[in-house]
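This briefing is meant to be read with the sequence and the coordinates open side by side. It takes up an annotated domain, the surroundings of the ligands, and a pocket.

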Amino acid sequence: MNILVLSRLKTDEINKLEKSFPDFSFTYSKEKEVTQTMIDNCDILVGNPGKHVELNRPNLKAILLNSAGSDYYIQEGVLHAATRLANASGSYGKAIAEHTIGMMLALNKNFKNYINNMHEHSWKSYRGGKEIYHSTVIIVGLGDLGYELAKRLKAFECKTIGIKRNVSPIPRDIDELYTIDKLEEILPHGDFIISCLPQSTETINLFNKKRLLMMKSDALFVNVGRGSAVNTQDLKEVLKAGHLYGAALDVIDPEPFKTDDDLWDFDNVLITPHVSGGFEWDSVREYFTELTIRNINHLIKNEPLENEVDFNTGYRKVVKYND
Ligand SMILES: NC(=O)C1=CN([C@@H]2O[C@H](COP(=O)(O)OP(=O)(O)OC[C@H]3O[C@@H](n4cnc5c(N)ncnc54)[C@H](O)[C@@H]3O)[C@@H](O)[C@H]2O)C=CC1
Ligand SMILES: O=C(O)C(=O)[C@H](O)COP(=O)(O)O
């Protein structure tokens, strides 16, 4: 079996992977440097190849993506019908929970202003702010990202409300769980609304003007899922009208975000360039390496893959929480 690895693993993780499958041959490449010959000679692809190579090839038994999102790969004709697809959900929650709490605090506690003021050596203070303590946090798209966040928000004594597509048993650290049809009923109750939604036909533009205005006028909106869930123009209009405490966006539509857009200049907005989860974080690489080993073993035994992507919904068939 030939395994082509594009993911940015470190030496220890590569050794672990190779030791688990001593009879297999491993090839490594950077995502952008992968060639068609490499693709055509491999059985299992680990990572996310770019659009410059043709993936609709019968030799590809499986692609084990290193992203949780699989938006591109599920499109009609991108993969051969025989190719199985798994995503990397479970890998990113811990890193993204820290980033999300960091963004919340940066806006709530005026850190964004204080950092700006340091450039001017200014002692100016701000009286306003917003506490996370005892607040109600609504997590829309409750999967790995949302659950790892909820777990950490319990240290702030928050009430956590999860919203997902299908009903399931209520996970620990989630106080209330609703399906997406209840979104409009729930939105007015949140002090913080966190979108962890995948991109799908159902989620594109979900946060439009009407739903943004349903949020409390001092709610903080955070997006760490996919930018397409939020109508950027509507968000700008709502913020300009003085509604919402602010917005923290690690993902935004479009990406990269236009340099001349005035949203960059809003005092109550924090934008990070889609960096909350990444392979520089140990937690991400560690989980992903173990997941990859488990999935190659599943392939050998012809078993269903962990995180196998459902081509209809665009995310994994079974959502598991990692505790
Ligand atoms: N900012 C970043 O760097 C990253 C962003 N992501 C994005 O976050 C998404 C979520 O990742 P995970 O939590 O790992 O996925 P997951 O598969 O663990 O959870 C996704 C959750 O979203 C819910 N969902 C899907 N469609 C929905 C809908 N229409 N309405 C309500 N809920 C819906 C599902 O029920 C599921 O519980 C990924 O698909 C990816 O697009 C993931 C990793 C990194
Ligand atoms: O896993 C995801 O989904 C993400 O957003 C990653 O952190 C980055 O994914 P790509 O931008 O490489 O698809």
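Over residues 101-276, what percentage of the chain is helix and what percentage is strand, and how far apart are the end C-alpha atoms? In this predicted model, that stretch is 26% helix and 17% strand, and its end C-alpha atoms are 11 Å apart. The stretch is the one that an unreviewed UniProt entry annotates as "domain: D-isomer specific 2-hydroxyacid dehydrogenase NAD-binding".

**Surroundings of ligand 1**

- There are 29 residues around ligand 1, and those that come nearest are Ser 89, Leu 142, Asp 144, Leu 145 and Arg 316.
- Two of the contacts involve the protein backbone: a backbone N or O atom of Leu 142 lies 2.6 Å from an oxygen atom of ligand 1, and a polar backbone atom of Asp 144 is 2.9 Å from an oxygen atom of the ligand.
- A side chain also takes part, with a polar side-chain atom of Glu 202 lying 3.1 Å from a nitrogen atom of ligand 1.
- The protein buries 98% of the 850 Å² that ligand 1 exposes when it is taken alone.
- By class, the shell around ligand 1 is made up of 13 nonpolar, 9 polar and 7 charged residues.

**Surroundings of ligand 2**

- The residues around ligand 2 are Ser 67, Ala 68, Gly 69, Tyr 92, Arg 226, His 274 and Gly 277, and by class they divide into 2 nonpolar, 4 polar and 1 charged.
- Side chains supply two of the contacts, as a polar side-chain atom of Arg 226 lies 2.7 Å from an oxygen atom of ligand 2, while a polar side-chain atom of His 274 lies 2.6 Å from an oxygen atom of the ligand.
- A backbone contact is found at Gly 277, where a polar atom is 3.3 Å from an oxygen atom of ligand 2.
- Of the 350 Å² of accessible area that ligand 2 has on its own, the protein covers 67%.

**The second largest pocket**

- Rolling a probe the size of a water molecule over the atoms shows where empty space is left.
- The second largest pocket holds about 150 Å³ of space.
- Its lining is formed by Asp 250, Val 251, Ile 252, Glu 255, Pro 256, Phe 257, Trp 264, Ile 271, Thr 272, Pro 273 and His 274, which by class gives 7 nonpolar, 2 polar and 2 charged residues.
- His 274 is thus named twice here, being listed in the lining of the second largest pocket and among the residues around ligand 2.

Definitions and conventions. Residues numbered from 1 in each chain as written. Chains lettered and ligands numbered in written order. Predicted model: local features only at pLDDT ≥ 70, side-chain atom pairs only at ≥ 80, totals over all residues. Heavy atoms only, no water. Near = heavy atom within 4 Å. Polar contact = N/O pair within 3.5 Å; in protein donor to acceptor, adjacent residues only side chain to side chain. Areas by Shrake-Rupley, 256 points an atom, 1.4 Å probe, with all protein chains shown as cover. Nonpolar A, V, L, I, M, F, W, Y, C, P; charged D, E, K, R; others polar. UniProt positions renumbered as here; feature names shortened; annotations may be inferred. Helix = DSSP H or I, 4+ residues; strand = E, 2+ residues; numbered from the N terminus. 1 Å grid on protein atoms, 1.4 Å probe; cavity = no way out; pocket = protein on both sides within 12 Å on 5 of 7 lines; lining within 4 Å. Points joined across faces, edges and corners; volume = space filled by probe spheres on them.
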